[in-house]
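User: I would like to learn how to read a buried charged side chain. Please give the general idea, then the case in this structure.

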Amino acid sequence: MAAPQSDLPLSPLRTVAVVGLGTMGTGIAEVLARAGRDVVGIDVSEAAAVQAVTALEASTARAVRRERLTGTEREGVLARFRTSTDLTAAADADLVIEVTPESYDIKQQVFRALDGIVRPDTILATGTNALSVTRLAADSAHPERVLGLHFFNPAPAMKLVEVVSSVLTAPAAVSAVTNLALDLGKEPVAVGDRPGFVADGLLFGYLNQAAAMYEAKYASREDIDAAMKLGCGLPMGPLALLDLIGVDTARTVLEAMYAESRDRLHAPAPILKQLSEAGLTGRKSGRGFYSYEAPGSASVVRDALTPLSGGPGTPGRTVRSVGVAGSGTMASGIAEVFAKAGYEVVLAARSEEKAQTAKARIGKSLARSVDKGRMTAEAAASTLDLITPAGSYDAFSDVDLALEAVAEDLDVKQQLFAVFDKVCKPGAILATTTSSLPVVACARATSRPQDVIGMHFFNPAPAMKLVEVVRTVLTADDVHGTVRELCEKIRKHPVDCGDRAGFIVNALLFPYLNNAIKMVQEHYATLDDIDAAMKLGGGYPMGPFELLDVVGLDVSLAIEKVLHREFRDPGLAPAPLLEHLVAAGCLGRKTGRGFREYARR
């Protein structure tokens with residue numbers, strides 16, 4: 001169906017009305033006023049209107065102190081902003097942006113009233129992130145002028161703006177608001193009308209999975225949040241982000257997404273309903289997943305769920321020497337980490353030559369650290385001296401911890417654990433770095449499953465702070481305590497999780513990546529727009545397709561399959577596009593082509 005033609009203007013939108021002066025509406029008003037637009041802020045609450053003026057005065061005063069605005073410029077911004085409690089104040093606006101609560105009834109009431117107030121050529125934009133723009137447009141007298149304009153919070157800081165068209169939207173309206181977004185210094189991404197659009201469509205599924213993981217008591221709120229910040233480089237953990245967004249808002253968005261997709265990954269986790277209905281909606285109420293100093297405060301305070309400092313009791317096992325099995329990047333990285341912390345390390349591989357090559361790789365890494373001034377040449381030399389290469393696992397006979405970092409193949413790992421069982425002394429801790437395989441299956445390959453634990457390091461091990469400490473139902477308490485203490489001694493952050501596929505990070509990360517692939521597969525958005533949306537709207541260090549190509553599409557597919565097999569959820573089935581690319585040998589950067597093409601080295 002072709003979009004309707006319209007005589008809507010392409011001229012700059014000079015006067016803008018913002019309806020709804022909550023945090024988001026006030027932020028949008030500030031962005032517009034600072035960009036030279038005349039802005040009228042409208043809210044039924046006189047108090048909200050006064051608060052918006054106060055917030056703008058405070059924000060612009062800060063900008064002057066930080067030399068981002070001059071005093072004269074600040075006066076101009078404040079002069080361009082006026083408020084009203086009457087919707088008729090929008091009569092002369094070229095554009096109206098509605099930012100009222102996420103309710104069809106409220107938004108439709110606003111749009112119907114605006115139809116009788118504004119000029120026929122005025123563009124009407126909704127700031128919704130969950131409701132159907134098409135449904136709102138269809139109820140309007142001029143559906144061709146209605147579209148979505150989704151800013152991200154905080155609006156002055158966040159660069160992304162999603163421009164949402166329905167099948168009824170006139171191209172001229174889209175062009176006009178896209179040009180406005182560019183003029184505001186934002187990066188507009190054009191998307192179609194479906195709940196969540198791009199950024200929230202991917203973000204809220206991930207947040208929902210994190211809430212469900214916490215509700216299942218799989219991991220603590222602190223460990224879930226730390227895992228995603230340290231393991232993925234995210235600016236906030238998912239549960240802290242839910243508190244910031246508002247637990248009730250998240251529930252509304254997810255309900256809208258589930259109504260359309262019927263994907264169980266979008267069905268709101270029951271804990272979101274429980275917290276919402278109890279009024280525990282996050283920061284704004286002073287309590288959500290965490291407790292806060294006061295309603296609206298960002299300061300987290302201790303509550304009954306806050307872990308005691310000091311962690312578990314006395315570990316009871318001494319670790320002076322470590323054996324690392326493997327010769328790849330992960331094995332050499334882990335060996336480097338332990339040696340830097342002063343541990344004697346035996347680095348064993350299937351041949352003396354492979355072990356020597358792995359040690360040489362560590363030498364180069366240490367040399368780079370010296371070149372960058374991170375350590376002295378003497379410290380690098382003494383670190384390297386602590387590493388003894390070996391061509392046989394018999395060299396692990398006296399180590400206190402034997403840790404494998406070999407291929408992600410269960411048969412290979414089980415065979416290696418059987419060897420550990422034979423060669424390692426009684427009381428030695430046996431650890432696997434697996435990212436997706438069952439740790440208990442490695443434990444059962446030994447006669448001492450109580451000594452086996454998972455220590456999932458992240459790549460590159462010397463740089464990444466996170467270690468997922470994975471207990472099985474058979475792991476002894478003193479083994480768990482010793483490994484947690486050991487992580488802190490090697491300056492890593494341990495998070496506890498149980499022995500199930502994906503642990504914390506991969507169980508939350510890979511369904512998000514899979515959903516991004518489905519968006520492209522369904523021609524909803526382009527690779528570039530999705531990557532831009534997640535970096536600019538979510539603060540992600542890499543877009544999902546950049547990350548997939550770095551990780552490797554074959555590795556990603558293998559993890560997706562493990563998750564699907566473990567949880568039996570249809571929403572976790574690998575996207576067919578991912579399977580097709582892997583079958584074609586397009587595995588990402590390592591092959592020169594994945595979702596994008598790369599120059600051959």
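Analyst: Buried means under 20% relative accessible area, with exposed over 50% and partly exposed in between (1.4 Å probe, protein chains only). Lys and Arg count as positive, Asp and Glu as negative, while His and the chain ends are not counted. A salt bridge is a side-chain nitrogen of Lys or Arg within 4 Å of a carboxyl oxygen of Asp or Glu. This is a predicted model, in which local features need pLDDT of at least 70 and side-chain atom pairs count only at pLDDT 80 or more, whereas totals for chains, interfaces and linings use all residues. Residues are numbered from 1 along each chain as its sequence is written, and side-chain values use heavy atoms, leaving out hydrogens and water.

User: Which side chain of opposite charge is nearest to D549, and how far away is it?

Analyst: It is R596, at 5.2 Å; D549 is buried and has no salt bridge.

User: What lies 3.1 Å from a polar atom of the D549 side chain?

Analyst: The backbone nitrogen of R596 does.

User: Where is D549 found, and which residues does D549 touch?

Analyst: D549 sits in helix α20, residues 544-551; helices are DSSP runs of H or I with at least four residues, strands runs of E with at least two, numbered from the N terminus. Contact means heavy atoms within 4.5 Å. Leaving aside residues up to four places away in sequence, D549 touches L587, G588, R589, G594, F595, R596 and Y598.

User: How many helices and strands does the protein chain have, and what share of its residues is buried?

Analyst: The chain has 22 helices and 18 strands, and 53% of its 601 residues count as buried.

Terms used
Polar contact = N/O pair within 3.5 Å; in protein donor to acceptor, adjacent residues only side chain to side chain.
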